[in-house]
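Student: I am new to this structure and would like a close look at a single part of it. Could you pick one helix, walk me through it and its surroundings, and explain the terms as you go?

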Amino acid sequence: PALRSDALIGDDVYVTGSLGGSFDEATGLGRHLTFEPRLATGAWLAETLGADLGGMIDLSDGLGIDGGRLAEASGVALELEAALVPHTGVGWRRALADGEDYELLFTVRAGTALPASDPGGVAITRIGRVARGAGCHVTTPEGDRIDATRLGFDHAQE
């Protein structure tokens, strides 16, 4: 199995699918009622990449907070680029903080090539790298660096 603790400094960081827009204001429903877990994609990644697959986590609470969890478990920092984060048209800030995406955040050993999608057509996008340090940080399109570790749904706060 891919563990949260398997990310290494120098790995590339990837995400599946598209993030954000988990709550439909028109219907008042969240994606938690209609999500499709990426089980097949995760299995395909593990089989295809083998030892080149690093850490992996399901994005249920938000890219920022779940990215921080992966980074903490691995003893590293995630350095993400906001402009690279695929989203549903809600903007990168909401894509970082929305929960209920149920996509995969994972790392791959540096230099390992990945296709743009899995065999089922689920998009795979490189969004950053693993570095020394701690936390999940995002470089904004304006060039600012922000701590994204608290962006998302925190169960302890509810």
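Tutor: Gladly! Let us begin with confidence: the chain has an average pLDDT of 89, and 89% of the residues score at least 70; pLDDT is the predictor's confidence in each residue, from 0 to 100. This is a predicted model, in which local features need pLDDT of at least 70, side-chain atom pairs count only at pLDDT 80 or more, and totals for chains, interfaces and linings use all residues. Residues are numbered from 1 along each chain as its sequence is written, and side-chain values use heavy atoms, with hydrogens and water left out. Confidence is lowest in strand E3 (residues 29–30), with a mean of 63, and highest in E5, at 98.

Now a quick overview. The chain holds three helices and nine strands; these are DSSP runs numbered from the N terminus, helices being H or I with at least four residues and strands E with at least two. Read from the N terminus, the order is β-β-β-α-β-α-β-α-β-β-β-β. Of the 158 residues in the chain, 46% are buried, where buried means under 20% relative accessible area, exposed over 50%, and partly exposed in between (1.4 Å probe, protein chains only).

The part to look at is helix H2, residues 63–74. Its 12 residues should span 16 Å at 1.5 Å a residue, and the end C-alpha atoms are indeed 16 Å apart, so expectation and model agree; the expected span is 1.5 Å times one less than the number of residues. H2 is mostly covered, with nine of its 12 residues buried. Those buried are Leu63, Gly64, Ile65, Asp66, Gly67, Gly68, Leu70, Ala71 and Ser74. Their cover includes strands E4 (53–59), E5 (77–81), E6 (103–108), E7 (124–131) and E8 (135–139), together with helix H3 (92–97).

Follow the chain out of the helix. Just after H2, Gly75 adopts a positive phi of about 70°. Val76 sits in the loop between H2 and E5, and Val76 counts as buried because its relative accessible area is 4%. Leaving aside neighbours within four places in sequence, Val76 has contacts (heavy atoms within 4.5 Å) with Ala7, Ile9, Ala71, Val130, Ala131, Gly133, Ala134 and Gly135. One of these, Ala71, is also among the buried residues of H2. Another partner, Ala131, is 55 residues from Val76 along the chain, yet their C-alpha atoms are separated by 6.1 Å. Across the chain, among contacts between residues at least 6 apart in sequence, 82% join residues at least 24 apart.

One of the strands covering H2 deserves its own look: E6. Six of the six residues of E6 are buried, so this strand is largely enclosed by the rest of the structure. Glu103, Leu105 and Thr107 lie on one side, with Leu104, Phe106 and Val108 on the other, and both faces are covered. E6 is joined to E1 (residues 12–16) by four bridges, and the two run antiparallel; strands count as paired if DSSP finds at least two bridges between them. In that pairing, Asp12 has Val108 as its bridge partner. E4 also pairs with E6 in the antiparallel sense, over five bridges, and Asp58 stands opposite Leu104.
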